[in-house]
Amino acid sequence: MNLKIPKLIKIALNNTFIKNGIEILKINADVIIFFIILCIKLINYGKSISPEYFSTTVITPIIASLLLLFSFSFLLKNKKRIRYLFIIDILISALILADLVYYRYYTDIITISSIGNAKLLGGVKDAIASLVKVSDFFYLIDIIVFIPIFKIYYKKVDVKVQSLVARIITFFMIFTVGTVVEAKTFKKVSIEQPTLLTAMSDRIYLTKMIGNLNFHMVDLFNFSNTKIKNSKKLSASEENQVKSYLKSKTTKTNQFTGIGNGKNLIMIQVEALQNFVINAKINGKEITPNLNKWVNKSAYFDNYFYQVAGGNTSDAEFMSLNSLYPAQSGAAYYTYCGNTLNSLPKELNANGYYTAALHGYAEGYWNRNVMYNTEGFNDFFGQSKYDRNENVGLGLSDKSFLNQSFDELQKFKQPYFSFLITLSSHYPFNDVKGYENGMDTLDVGSYKNTLFGNYLEGIHYTDKQLGDFLDKLESSGIADNSIIVLYGDHFAIPKQNINDLYKFEGSSSSDDLAWYQYQKVPLLIHFPKDKNKGTNHTYACQMDLLPTITNMFDLKNDYMFGKDIFSTGNRKVTFRNGSFTDANVFYVSWTNTYYDIKTGSKVNETPKLKSLKENSSNELKYSDELLNHNLIKSWIKK
Ligand code: GP9
Ligand code: MN
C-alpha cells in the first residue's frame, strides 16, 4: 500500500493531460493568486459588514463577478496582464476600504449618488481617522508584498505564454461561466424581491445577496440609466408645458389658510395602516380604539388613497413631503436623491422652523440618510440615536420609539416640524407584543395565525402606542400649539391575501374596483382644541397632503402636483400605473376598464373619460420630466 502511492503519483505526473494541466496552472499562477486573494477579501468584507446577514450563498456571486473581471486578463500577456491584475486588486481593495469606513459611520454602503452628496461626505471626512482600524491594513498587505515579488519574478523567470487562440478560448469560457452564474443570481433576487435591484431599498441585504462587486455594478447601471434618460434636454416649450400645468394647480386661499402659522407640525406616518380597520370591530372589540377616539377629535378623511410604487414607504414620504409622483421604476428616494427639491422641511426651515425626521430603523434604509439632507431636515434621529431596548418585528418597537421620541420632541426648539415614521406594524405582522404590558387582548377568532389575523393584532398594538403618544401630546399641552397629521403609508394586506379582507368586510365583489376601494389609508388632521373635527368623504390622496399643509402654514410652493384637500372643485386621484378616479368613475389601467363607482358596473369610454385618462398620463409625464431634468433647480435659479 505504502509503495503504491508514489507510484500512482509518478504515473499521474507522466500523464500528459495532468502535465498540461499543471503547466497551465503554472502559466496562470498570477491570475489564480490574485483571484483567490480577492475572493478572500470580498468574503471577509461581507462578513464584517453584515455578520447577522452573512451566508455562504454570497460566495457564488462573488466568484462569478470576479470571473467576469478576471476573464479579460487572459486577453493580455506578461507585464500588461500583471498590471491589469494589480489595478483590479488595488481598485477593489480601495472600494472595500471606502465601503468599510462608510459603513462604520452610516451603517450603509456607498452609492454613486451618495458620493455626490457633499454635505453627507463632510461627516465621514471629519471622522475618518477614528473610523479606520489597524485590521483594515489586511486589505492592503498583498499589494505591498506582491509588487516587489512580481518585479523580481518577471526579471528572473522567463514566464511562458499561452498561444493567442488558447487565451481567447479561455477568456470566452470564463466570461460565459461568469455571465451565466450572474444571470442566475439576479434572476433569483428579482423573484424573491422584485423591486430590490432597482429600488435598492436595503443595500446591506442586497450586498448579502449579490456581493459587493455586483452591488456596485448594479448601482452604476441604475445611475447611468437615470443619467441617460435625463440626458435628452427638454425643449423650452416642453419645459413651459410642465410649468404652466403646475401653475394651474396653485392653491386658492380658504378658511384654513395660515391656520398653522407659528404652530408646531407633528406628522406621523404609520406603517401599513389601512383605512378598513378604523371604526371596525372584530368579535365585538374595536381594532383601533385609540385611533377611533382621535378620528372623532380630528378632521378625518376616509377616502384617502395611498399611491406608492416601487419605493413603498419611501414613496409615501416622498409624496407627502414633495407632492411629486414616485419614480417610474425603483424608488425616488434613491434615484432623485441628488435633485434640488422644494420639500416641506426646506420651506419650514425658511420660515424659522426646526425640522427633524425620526425613525427607529437603520439610517440607510430607503436611502433616508441621504434623502433627508436633500429634503432639508435639520436632523435625522435614526436607529443609532435610540436606545434599542425593545424589539418588535423589524426593529425598535413603536412603544419604545414613540416614548423616546416624545422625550426628544420636548427638547426641540419651537416651532418645529417633527416627522415620525413608525415600524412595528410591518409585514408579516407575526411578532405581536403588548398584551403582556396590559394592552386589551384582541380575539381575531378564525383569523388567528393567518396573515390577516396577525395584521389585526399588529395594528391593534400600534394603535395602543399611537394612542399613548397622542394622549401625551394632549396632556402635556403640546397639542394645543400643534397641528398633528397622521396617515398610513400603504397597504398591509397584499393582493394574494385579499380574500380574507373581503370576507371580513362581507364584500360581495372581488373585482379590480373592489380591490382599489380597499387601497385607502386614513388621514387625520388634528387641530388645537379639537377644532374642525368631522369626517370628510372627499376623494383625495397622498399627493394632496403637501398642498394642504403649505396652505395651512402659509408656505409658498409652486411645484406641487397635488391639490389642497380642503379646496373645493373637481378632484382626481392618479396612481403611478395610470389608473385614476374622480370619485364617480374608477379607471383601472392594467385592463383598460372604467367602472362606475356607484353601481360597480363597467362603463364604456366616453370622450370625457378619455380626456381624464390623458390628463392623468400627462400629469405623470410632467412629474417625471420635472424630476428627470431636475427642473426645480433651474427654476429656483431663474
Ligand atoms: C423601514 C420601513 C419599512 O425603515 O420604513 O419600509 P417598507 O418595507 O414598508 O417599504
Ligand atoms: Mn411601510
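Which helix gives the largest share of the lining of the second largest pocket? In this predicted model, the answer is H12, with eleven residues. Helix H12 spans residues 212–231, and the pocket that it helps to line holds about 810 Å³ of space. Of the 34 lining residues, Phe 223, Thr 226, Tyr 334, Thr 335 and Tyr 336 are the closest to the centre of this second largest pocket. Besides H12, the elements that contribute two or more residues to the lining are helices H6 (112–116), H10 (196–199), H16 (332–335), H18 (368–374) and H24 (607–628). By residue class, the lining of the second largest pocket comprises eleven nonpolar, 19 polar and four charged residues. At least three residues come from each of domain 1 (4–229) and domain 2 (256–574).

Attention now turns to the largest pocket, whose volume is about 1400 Å³. Its lining is made up of 50 residues, and those closest to the pocket centre are Asn 312, His 426, Tyr 427, His 490 and Phe 491. Two elements give two or more residues to this lining, namely helix H15 (312–322) and helix H22 (512–517). Sorted by class, the lining of the largest pocket contains 26 nonpolar, 17 polar and seven charged residues. Here too, domain 1 (4–229) and domain 2 (256–574) each supply at least three residues to the lining.

The annotation offers a further view of the chain. An unreviewed UniProt entry places the feature "domain: Sulfatase N-terminal" at residues 263–553. Over this stretch, helix accounts for 33% of the chain and strand for 18%. The C-alpha atoms at the two ends of residues 263–553 are 8 Å apart.

Within the annotated stretch, Leu 545 makes a good example of a residue with partners far along the chain. Leu 545 belongs to helix H23, which covers residues 545–552. Is Leu 545 buried or exposed? Its relative accessibility is 1%, so Leu 545 counts as buried, the cut-off being under 20%. Once neighbours within four places in sequence are set aside, the residues in contact with Leu 545 are Met 267, Tyr 304, Ser 320, Val 485, Tyr 487 and Leu 523. One of these partners, Ser 320, is 225 residues away from Leu 545 in sequence, yet their C-alpha atoms are 5.5 Å apart in space.

Note on methods
Residues are numbered from 1 along each chain as its sequence is written. Chains are lettered from A and ligands numbered from 1 in the order in which they are written. This is a predicted model: local features need pLDDT of at least 70, side-chain atom pairs count only at pLDDT 80 or more; totals for chains, interfaces and linings use all residues. Side-chain values use heavy atoms; hydrogens and water are left out. UniProt positions are given in the numbering used here, feature names are shortened, and annotations may be inferred rather than shown by experiment. Helices (H or I, at least four residues) and strands (E, at least two) are DSSP runs, numbered from the N terminus. Buried means under 20% relative accessible area, exposed over 50%, partly exposed in between (1.4 Å probe, protein chains only). Contact means heavy atoms within 4.5 Å. On a 1 Å grid over the protein atoms alone, a cavity is a set of points where a 1.4 Å probe fits but cannot get out, and a pocket is an open set with protein on both sides within 12 Å along at least five of seven lines; lining residues have an atom within 4 Å of a point. Grid points are joined across faces, edges and corners, and a volume is the space filled by probe spheres set on the points. Ala, Val, Leu, Ile, Met, Phe, Trp, Tyr, Cys and Pro count as nonpolar, Asp, Glu, Lys and Arg as charged, and the others, Gly among them, as polar. Domain bounds come from an automatic or database domain assignment.
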